[in-house]
Amino acid sequence: MAKKTERRAAGGDTAVDVGVQYACKRRDLPRKPELRAWVRAAAAANGDRVGRIVVRLVGKREGRRLNREYRGGDGATNVLSFPYALAPLLCGDLVLCAPVVSREAAEQGKSLAAHCAHLVVHGVLHLQEYDHEAGEQQARDMEDRERRILAALGYPDPYDDED
């Protein structure tokens, strides 16, 4: 796949190549076209980007293992971002833990699609070096960018507590 992505980059194509893996029961999870659209919208928000991003939806066991191994966390978390390259290609993996994402959406009174879209956008911004844990201004900048991208995709403000 890397050679195909390199040819696309050399040819001037600005689309990010997006792979999607379901490593858990699909239930009501978003379909591949939705996931790809969310990734591409977040990647394009920083200008014309070319690269390869894989979105993997996992169960609790894999989510917990990855969080422990790479972040030192004790349980599964909603999204993990693994950047590999920023230039000349944007490359990385996003891992969404489906049971955690589903639970959070229900607890927050949001649709599963809206919450997944938010977490995909959030994860792609992390791949682009946005970091909400690097200070109040960075967090505000990242949240503002998330709001704009999600609004363009037709989703409500994920930080609006009035829902």
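**Notes on the fold, starting from helix 4**

1. Let's begin with the outside of helix 4: on the face turned away from its buried side sit the exposed residues Ala106 and Glu107. Bear in mind throughout that this is a predicted model.

2. Now for the other side of that helix. The buried residues of helix 4 are Ala98, Val100, Val101, Glu104 and Ala105. They share one side of helix 4, because the arc they cover around the axis is only 165°. Note that Glu104 is on the buried list, while Glu107 is among the exposed residues on the opposite face.

3. What covers those buried residues? The cover includes strand 2, strand 4 and helix 5, which spans 112-127. As for orientation, helix 4 (residues 98-108) lies across strand 2 and strand 4, and it runs at about 65° to strand 4. Just after helix 4 comes Gly109, which takes a positive phi of about 70°. If you are checking backbone torsions, you'll run into that value at Gly109.

4. Stepping back to the whole chain: the protein has six helices and four strands. Read from the N terminus, the elements go α-β-α-β-α-β-β-α-α-α, so to speak a string you can keep beside the viewer while going through the points below.

5. The four strands make an open sheet with mixed pairing, in the order 1-2-4-3. Strand 1 (16-23) and strand 3 (79-85) are the edge strands, each of them pairing on one side only. From one strand to the next, the twist averages 15°.

6. Pairing details next. Strand 1 and strand 2 run parallel to each other and are joined over eight bridges; to find the register, look for Val16, which stands opposite Gly51 in strand 2. Strand 2 (residues 51-58) also pairs with strand 4 (residues 90-97), again in the parallel sense and over eight bridges. In that pair, Val54 stands opposite Asp93 in strand 4.

7. Helix 2 (residues 32-44) also packs on this sheet, with contacts to strand 1, strand 2 and strand 4. Its direction makes about 135° with that of strand 1.

8. Is strand 1, as an edge strand, enclosed or open to the outside? Six of its eight residues are buried, so strand 1 is largely enclosed by the rest of the structure. Pairing on one side only goes together here with a mostly buried strand.

9. One residue I'd like to pick out is Arg64, in helix 3 (residues 60-71). Its relative accessible area is 34%; since buried means under 20% and exposed over 50%, Arg64 counts as partly exposed. Once neighbours within four places in sequence are left aside, Arg64 is in contact with Asp74, Gly75 and Ala76. Asp74 lies ten residues from Arg64 in sequence, and their C-alpha atoms are 7.0 Å apart.

10. Last, some totals for the protein. Of its 163 residues, 43% count as buried. Its accessible surface comes to about 8700 Å², with 46% of that belonging to carbon and sulfur atoms. Among contacts between residues at least 6 apart in sequence, 62% join residues at least 24 apart.

Methods
Residues numbered from 1 in each chain as written. Predicted model: local features only at pLDDT ≥ 70, side-chain atom pairs only at ≥ 80, totals over all residues. Heavy atoms only, no water. Pairing = 2+ DSSP bridges. Helix = DSSP H or I, 4+ residues; strand = E, 2+ residues; numbered from the N terminus. Axes fitted to C-alpha atoms, helices over the stretch in contact; angles between N-to-C directions. Contact = heavy atoms within 4.5 Å. Buried < 20%, exposed > 50% of the residue type's maximum accessible area, 1.4 Å probe, protein only. Areas by Shrake-Rupley, 256 points an atom, 1.4 Å probe, with all protein chains shown as cover. Arc of directions from axis to C-beta.
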